[in-house]
Amino acid sequence: MAARTKQTKPADQQDSVTFSSNLPREEFDIEKAMRILKAYSLSRIDETLELSIKLNIMEKKDKRRDVSSIRGTIYLPRNYFKDRTVIVFAEGRDVETAKNCGASEVGMDDIIEKIQNKSMKLHKKKMRFLTTKSYTKKIRSLQSILRAKLMPNKRKGSMVDELTPESVNRLKKGIEYKADKNGIINVAIGRLSFPVNDVKQNIDNVLNNVMTHKGKGRFIMKKVLSSTRGPGVLLK
């Protein structure tokens with residue numbers, strides 16, 4: 001019996017998306033990158049898209065830049081999650097101000113009690129707490145319950161000098177990013193089901209914000225787009 005021979009398409013007819021893992025490491029435009037990632041998606045789950053950015057953190061050959069200041073909050077033109085619930089710790093006149101700024105719930109002793117007796121369900125991804133510096137002492141007892149993710153913090157913009165619509169909106173819709181010690185930023189920018197144009201706008205928004213931290217010379221070295229279960233695709 002003659003042995004079967006495997007028939008393959010000529011090189012110029014092969015699907016470059018299907019066989020992308022066999023190709024050299026090359027850069028793709030966003031449209032092609034999305035095609036590659038969708039080719040790897042075999043489930044019904046609408047996977048999250050993540051943008052990874054490699055920064056040049058070397059100011060000189062022997063001197064690294066301090067990356068602790070490379071952080072910020074961005075607003076995506078097409079968001080991939082529902083607005084978070086923003087709960088404000090406030091009293092007196094600040095209660096009305098917080099409500100006018102768009103807070104979902106406002107209070108002080110009643111909210112503290114709900115948190116302490118666990119009648120308020122805490123969701124790290126779906127909610128944020130906001131307050132002003134004047135109420136720092138009153139909410140200090142919640143530190144061990146809310147912990148770093150939910151406890152109001154000046155660095156994260158959840159403890160402010162004055163309540164404004166911007167301070168509330170920042171926590172509702174904002175996405176935080178920061179560079180790690182190696183100068184790499186990872187930030188979720190959408191879903192695999194998003195139209196290419198929406199993904200492009202979101203990526204441009206992130207890059208423009210990151211570029212505000214630019215120093216001398218080339219700043220962004222590499223950009224990689226990936227999905228939850230897909231590979232990392234190098235972007236042009």
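Author: Asp, Glu, Lys and Arg count as charged, and Gly is among the residues that count as polar. The model discussed here is predicted.

Reader: Which class, nonpolar, polar or charged, has 16 residues in the lining of the largest pocket?

Author: The largest pocket has a volume of about 880 Å³. Of its 28 lining residues, those closest to the centre are Arg84, Arg128, Lys149, Ile175 and Glu176. The lining has 7 nonpolar and 5 polar residues, and the class with 16 is charged.

Reader: Which elements give two or more residues to the lining of the largest pocket?

Author: One helix is on the list, α6 (165-173). The strands that give two or more residues are β4 (71-74), β9 (175-178) and β10 (184-191). In order, the elements are β4, α6, β9 and β10.

Reader: How many residues apart in sequence are the parts that Asp198 and Arg78 tie together?

Author: Asp198 and Arg78 form a salt bridge, with the closest N and O atoms 2.7 Å apart. Asp198 lies in helix α7 (residues 196-210), and Arg78 lies in the loop between β4 and β5 (85-89), so the pair ties together parts separated in sequence by 120 residues.

Reader: Is Asp198 buried or exposed?

Author: Buried means under 20% relative accessible area. Asp198 has a relative accessible area of 18%, so Asp198 is buried.

Reader: Which helix holds both Lys200 and Asp204?

Author: The side chains of Lys200 and Asp204 meet in a salt bridge, 3.1 Å from N to O. Lys200 is partly exposed at 40% relative accessibility, and Asp204 is partly exposed at 30%. The two residues are 4 apart, about one turn, and both lie in helix α7.

Key
Residues are numbered from 1 along each chain as its sequence is written. This is a predicted model: local features need pLDDT of at least 70, side-chain atom pairs count only at pLDDT 80 or more; totals for chains, interfaces and linings use all residues. Side-chain values use heavy atoms; hydrogens and water are left out. On a 1 Å grid over the protein atoms alone, a cavity is a set of points where a 1.4 Å probe fits but cannot get out, and a pocket is an open set with protein on both sides within 12 Å along at least five of seven lines; lining residues have an atom within 4 Å of a point. Grid points are joined across faces, edges and corners, and a volume is the space filled by probe spheres set on the points. A salt bridge is a side-chain nitrogen of Lys or Arg within 4 Å of a carboxyl oxygen of Asp or Glu. Buried means under 20% relative accessible area, exposed over 50%, partly exposed in between (1.4 Å probe, protein chains only).
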